[in-house]
Amino acid sequence: MSDIIDTLASLERRDPQQRRRQLLAQLPQLVARAQTASGWARILQGVDAQAIDNLDALRALPVTRKSDLKELQMREAPFGGLNTTPVRQLRRLFVSPGPIFDPEGHRQDWWRFASPMAALGLQAGHIVQNCFAYHFTPAAFMVEGAAEKLGCAVIPAGIGQTELQVNAITALRPDAYVGTPSFLKLIIEKAGEMKADISSLQRALVSAEALPPSLRSWFHAHGVPQVLQLYASADIGNIAYETLHEGQVTPGMILDEELILEIVRPGTGDPVAEGEVGEVVVTSFNPDYPLIRFGTGDLSAVIPGISPCGRTNTRIKGWMGRADQTTKVRGMFVHPSQVADVLRRHGDVLRARLVVSGEMASDVMTLHCEIADPDNPQLQASVIVESLRDVTKLRGEVLFVAPGSLPNDGKVIEDARKYE
């Protein structure tokens, strides 16, 4: 199986311009294939697939967000007409919370988990204790597919029953744990109570929850020296993953090789500047379930430069929160897209953040606007106030602030109300 590792390594260390050219060359075919599915045919109606061969053309297409999936799937069961492989020709059909239905096709390592598992050092001959749930949702099968590709044996442990988990580790001596970080902590604590030897577990790949530095350090102190996290979703599979260099975790997460990434201002499809926090939008070249400008609803930011580990793909900071900041003000919903609509009317505004303050039943809405010259007498706050009212149907105030003074956290709407 060393050829699998070598193939992954050659892809991950490609010249960035070569990777970009190869992905863009596949875009017309991806769009054309997607348009054979009824849901994508509606979304991409009138789009000339052959013209979508560059990033500017891709960015002109609409963003389809994860939050849209339930409505799309209610309209056309089970996958909203976004699947290009017929339902009865798929390998598995999953039910994720929502409920949101997710497909899996027959291609090996369909979810592209081999790269993050290989980054942890897993290869043929290793044993993996798979502690993701096998019930309805796809995470456990993401691991299964990658383990098969890499030649790893799997203990299908699932979740729960920590004593049985510890007994399995002591008897079968797996090399790695894959699952949530919180459940790994429970297993280690149970092993301590049982005075069981789980020292074979030298590696862990964790996901689906945050991994704060304090918890990673706790794992190191309790006998698991290599702990990496990955960022994935039930719709896309692997999105980005941590790597090691000289035994140390490298900064950021490496983007999967089969995705085009955009970071956009929440509620819009407009790209943000490199390093600025925004919503993660991906285009996935999955032949069974293509996703074109798919808004994950997650926040992240691009880290400039090449990773010390030698992988040359884009790096992101990982999961940084949720992009859906829809807020109810005086009984009416205000959406990030409405803030973007106000900004489009006023080119002098560089960035903006709508802050909702006050106490319950006494909401105050203030649009904080970054402008080049906050003292510019020709820029009338009253004009922007009118735009805000026109778009949101609510009265608000405007506050001019200096460029760069708003936090770089991806928030377009901040709910700062007190409910005590």
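**Exercise 1.** How many bridges join strand β13 to β14, and in which sense do the two run?

*Solution.* Bear in mind that this is a predicted model. Start with β13, residues 259–264: six bridges join β13 to β14, and the two strands run antiparallel. To get the register, look at V264, which stands opposite E279 in β14.

**Exercise 2.** Work out what β14 does with strand β15, and how well β14 is covered.

*Solution.* First, the pairing: β14 and β15 (residues 291–300) are antiparallel too, with five bridges. Next, pick a reference pair; G278 sits opposite S300 in β15. Then check the connection: six residues lie between β14 and β15, and the two strands form a hairpin. Last, the covering: β14 spans residues 278–284, and seven of its seven residues are buried.

**Exercise 3.** Trace the nine-stranded sheet and explain which strands stand at the edges.

*Solution.* Read the order across the sheet: β5-β4-β6-β7-β8-β9-β12-β17-β16. This sheet is open, and its pairing is mixed. The edges belong to β5 (153–156) and β16 (302–303); each has a single partner strand, so one side of each has no neighbour in the sheet.

Now zoom in on one pair. Strand β7 (residues 203–206) and strand β8 (residues 226–233) are parallel and share four bridges. Here R203 is the residue opposite Q226 in β8. Finally, add the helix: α9 (residues 181–194) lies across β6 (176–179) and β7, at about 135 degrees to β6.

**Exercise 4.** Find the backbone oddities in the loops and place each one.

*Solution.* Start from the usual expectation: most peptide bonds are trans, and most residues other than glycine have a negative phi.

Step one, the peptide bonds:

- A77 to P78 is a cis bond, with omega near -5 degrees. P78 belongs to the loop between α5 (69–75) and β2 (92–96).
- G98 to P99 is also cis, with omega near -10 degrees. Look for P99 in the loop between β2 and β3 (100–104).

Step two, the phi angles:

- R173 isn't a glycine, yet its phi is positive, about 55 degrees. This residue is in the loop between α8 (162–172) and β6.
- K195, not a glycine either, has a positive phi of about 55 degrees. Its loop runs between α9 and β7.

Step three, are these two residues buried or exposed? R173 has 30% relative accessibility, so it counts as partly exposed. K195 comes in at 76%, so it counts as exposed; the cut-off for that class is over 50%.

Conventions: Residues numbered from 1 in each chain as written. Predicted model: local features only at pLDDT ≥ 70, side-chain atom pairs only at ≥ 80, totals over all residues. Heavy atoms only, no water. Buried < 20%, exposed > 50% of the residue type's maximum accessible area, 1.4 Å probe, protein only. Pairing = 2+ DSSP bridges. Contact = heavy atoms within 4.5 Å. Axes fitted to C-alpha atoms, helices over the stretch in contact; angles between N-to-C directions.
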